[in-house]
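Subject: Structure for you to look at

Hello,

Here is the structure I promised to pass on. Please open it beside this email and follow along.

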Amino acid sequence: MMTYEKLLEKTALEDDRFIVMTAENRALVRNLPASLGNRFIDTGITEQTMLGAAAGLALRGRKPVVHALSAFLTMRAFEFTRTSVGIANLPVKLSSFIPGVLSDGNGPTHQAIEDISIMRGIPSMEVFAPADEEDLIAMLPQIWATENPSYVRINTRPALLKHKPYVFGKAEQIFEGKDCTILTYGFMLEESIKAHQLLSDLGFQVGLVNIRNLKPFDGDLISKLASQTSCFITIEDHFLTGGLFSILAEHLVKNQILIPTHSIAFEDRWFKPGRLAEVLVHEGLDAKSLVEKIQNFIQK
Amino acid sequence: MNEEKIIKLQQFAKRVRNHIVPMASDGGCFLGASLSAVDLLTYLYVDHLNLHKGNLKDENRDYLFLSKGHDVPALYGIFAELGWIEADRLKNHLSTEDHIYWHPNRNIPGVEFHSGSLGQLPSVSIGVAMDIIIRGGENRVYCVMGDGELNEGSCWEAFLVANAYKLDNLTFIIDRNNFQANMATEDLIPLESLVEKFESFGMMTQRIDGHDFNALEKAFSNIKGQTGAQVIICDTVRGKGLPSIEARADRWFCNFSQPEIQELLVELNEGFGANLVAETLVVR
């Protein structure tokens with residue numbers, strides 16, 4: 001079975017523009033030093049230097065794929081990403097490990113729940129959040145093929161369903177539904193799929209979209225769905241500000257589309273650290289809690 | 001270095017300073033920091049780097065990254081003298097019709113990378129040096145940094161990585177003019193002993209008079225054959241060439257009137273002190 005590491009190895013072996021870098025976060029790339037030799041570069045716990053060096057490598061024609069924990073990749077190194085990678089629009093590909101609730105027991109220091117907001121603010125930066133490993137493997141070849149910088153919320157959890165093929169920049173409409181449509185991305189698709197099933201069992205007709213791309217955003221699909229569903233509900237393991245709810249709001253306002261919208265996200269606070277399943281329940285992000293919230297939204 | 005060559009370099013540097021001074025008007029520029037770097041940049045571009053108008057995009061060229069950024073008038077003055085840009089173009093300083101502003105950018109031929117945010121280019125230089133080594137290239141990478149810039153932690157992080165990867169093709173050049181924006185470095189965040197600091201990071205370190213072409217030649221001939229990255233600390237004078245502004249904390253960013261610019265040019269070329277009564281001083 002194809003894994004992130006095998007895909008990266010295959011890509012780098014086929015195209016010597018690829019350089020694999022890490023700020024001593026080897027969980028996803030443990031076996032690559034052996035196969036890539038000096039095209040594997042570990043800069044130690046130096047996210048800033050890694051991003052700066054990635055810009056230098058890209059300036060020489062390379063495509064560095066850089067790895068670090070999400071919080072440090074996005075925030076410690078932010079100015080290097082914005083200033084050295086972003087201003088020059090260099091094809092540096094950021095692989096962000098344990099984004100959102102996937103930092104489970106680490107605590108607020110490691111909670112990247114503003115990453116989408118931060119990264120999409122960089123001109124030319126593309127931002128993606130695959131729903132699971134299958135989605136990730138389907139999306140990465142196209143993400144890595146562009147000449148723009150990109151940010152990917154890495155998610156290697158097993159898929160709960162068979163995905164439709166990935167088309168760059170397009171969201172995946174999984175279910176249609178007139179009562180409401182859930183828009184979600186990354187890990188939260190898992191709980192959303194379960195919630196969708198529970199809501200269907202209760203007789204609701206609920207749409208479900210795997211957003212996949214936060215930037216470029218599939219506004220065409222949103223505009224189309226706005227006339228086919230009663231309301232949008234965004235579900236995200238991200239701050240309310242700057243994430244999917246904001247992106248949706250920007251699209252709706254810009255296009256003067258009037259439709260009720262609701263959000264499930266972190267409102268101006270960090271989440272309680274713990275085992276992932278318990279975090280979800282504590283934060284009201286497990287399927288059962290989602291169902292309660294969505295029922296309230298629909299009945300409003 | 002023979003006397004004739006020294007005179008040639010001194011004359012070149014004086015012409016560069018003549019390009020810089022007029023930029024310190026009508027909006028101004030970082031005059032003091034530009035003048036301190038003129039001689040070392042002159043030596044590098046005229047006599048040392050494998051870099052000329054015909055190979056600016058060649059992957060085997062030497063790379064010079066100007067990390068301190070705000071001394072870019074010195075770089076543009078050199079480019080004008082080398083014929084990489086038209087000298088007349090410098091009159092477009094701060095015009096939105098051109099790309100000549102307070103920090104470097106790649107729209108100007110010869111600029112390798114934009115800078116302005118201190119502590120960014122040591123790591124970018126590392127990336128370029130790494131790639132040259134991976135490809136087995138012979139070219140070298142030079143990163144010119146300010147002494148005040150060394151306050152930034154990212155510089156020291158980059159030095160650790162440069163040492164770890166034994167980047168023998170990378171040289172950090174410190175324009176040690178003893179001032180950061182508004183203060184003498186040693187009065188704010190003391191940097192000394194710099195030689196010991198760099199040596200403790202595993203880098204071969206030399207300290208020279210950054211206005212002495214003989215010393216520059218000797219130091220840059222010593223960097224070849226080293227087993228890791230090197231450092232050359234160039235002791236310089238902020239505002240060098242204009243005694244009325246030299247080594248003064250309040251002469252970092254300067255915006256003079258046209259009559260004052262004319263006086264400064266007379267001072268530069270004929271040695272008479274400029275009368276700067278009506279100067280505009282902007283501390284940023």
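Start with one helix, α5 of chain A. Its buried residues pack against α3 (47–59), α4 (70–76) and α6 of chain A, and also against α4 (121–134) of chain B. Keep in mind that this is a predicted model.

**Helix α5 of chain A**

Find residues 78–86 of chain A; they form α5(A). How many of its nine residues are buried? Seven are, so the helix is largely enclosed by the rest of the structure. The buried ones are Phe78(A), Phe80(A), Thr81(A), Thr83(A), Ser84(A), Val85(A) and Gly86(A).

Now zoom in on Val85(A), which sits in this helix. Why does Val85(A) count as buried? The cut-off is 20 or more other C-beta atoms within 10 Å. Val85(A) has 28 C-beta neighbours inside 10 Å, so it counts as buried.

Which residues does Val85(A) contact, leaving aside neighbours within four places in sequence? They are Leu51(A), Ala54(A), Ala55(A), Phe80(A), Leu90(A), Val92(A) and Pro149(A). Measure one distance yourself, from Val85(A) to Gly56(A). These two are 29 residues apart in sequence, and their C-alpha atoms are 8.8 Å apart in space.

**Ala54(A) and the core**

Ala54(A) is on the contact list of Val85(A). Ala54(A) also touches Met21(A), Pro64(A), Val66(A), Val92(A) and, in the other chain, Gly127(B), among residues more than four places away in sequence.

Ala54(A) belongs to the largest nonpolar core, which has 173 residues. Which two members touch the most other members? They are Ala54(A) and Ile173(B). Helix α2 of chain B, residues 31–48, gives the most to this core, with ten residues. The core also draws at least three residues from each of domain 1 (4–153) and domain 2 (172–299) of chain A.

**Where the chains meet**

How many residues does each chain bring to the contact? Chain A brings 23 and chain B brings 18. On the side of chain A, α3 and α5 each supply at least two residues. The top contributor on that side is α3(A), with nine residues.

**The two domains of chain A**

The domain assignment splits chain A into domain 1 (4–153) and domain 2 (172–299). Their C-alpha centres lie 26 Å apart. Between them, 25 residues of domain 1 are in contact with 26 residues of domain 2. On the domain 1 side, α6 (115–120), β5 and α7 of chain A each supply at least two residues.

**Strand β6 of chain A**

Next, go to residues 150–153 of chain A, which form β6(A). In a regular strand the side chains alternate between the two faces of the sheet. Here Ser150(A) and Val152(A) point one way, and Tyr151(A) and Arg153(A) point the other way. Are these residues buried or exposed? All of them are buried.

Two strands pair with β6(A). Take β4(A), residues 93–97: it pairs with β6(A) in the parallel sense over four bridges. Look for Lys93(A), which stands opposite Ser150(A). Then take β5(A), residues 126–128: it runs parallel to β6(A), and three bridges join them. Here the bridge partner of Phe128(A) is Val152(A).

Which helix goes with β5(A) and β6(A) in a β-α-β unit? It is α7(A), residues 133–145, and the unit is right-handed.

**Each chain as a whole**

Last, step back. Chain A has twelve helices and twelve strands. Its radius of gyration is 19 Å; a compact globule of 300 residues would be near 19 Å, so the two agree. Its C-alpha atoms fill a box of roughly 60 × 40 × 35 Å along the principal axes. Buried residues make up 51% of the chain. Take the contacts in chain A between residues at least 6 apart in sequence: 77% join residues at least 24 apart.

Chain B has nine helices and nine strands. Its radius of gyration is 18 Å, which agrees with the value near 19 Å for a compact globule of 284 residues. The C-alpha trace spans about 55 × 45 × 40 Å along its principal axes. Buried residues make up 49% of chain B. Among its contacts between residues at least 6 apart in sequence, 74% join residues at least 24 apart.

Best wishes

Conventions:
Residues are numbered from 1 along each chain as its sequence is written. Chains are lettered from A and ligands numbered from 1 in the order in which they are written. This is a predicted model: local features need pLDDT of at least 70, side-chain atom pairs count only at pLDDT 80 or more; totals for chains, interfaces and linings use all residues. The radius of gyration is taken over C-alpha atoms; the globule rule is 2.2 Å times the number of residues to the power 0.38. A residue is buried if 20 or more other C-beta atoms lie within 10 Å of its own, exposed if 12 or fewer, and partly exposed in between; C-beta atoms are placed from the backbone. Two residues are in contact if their C-beta atoms, placed from the backbone, lie within 7 Å. A nonpolar core is a set of buried Ala, Val, Leu, Ile, Met, Phe, Trp, Tyr and Cys residues joined through C-beta atoms within 7 Å. Domain bounds come from an automatic or database domain assignment. Two strands pair if DSSP finds at least two bridges between them. A crossover is right-handed if, with the strands pointing away from the viewer, the path from the first strand over the helix to the second runs clockwise.
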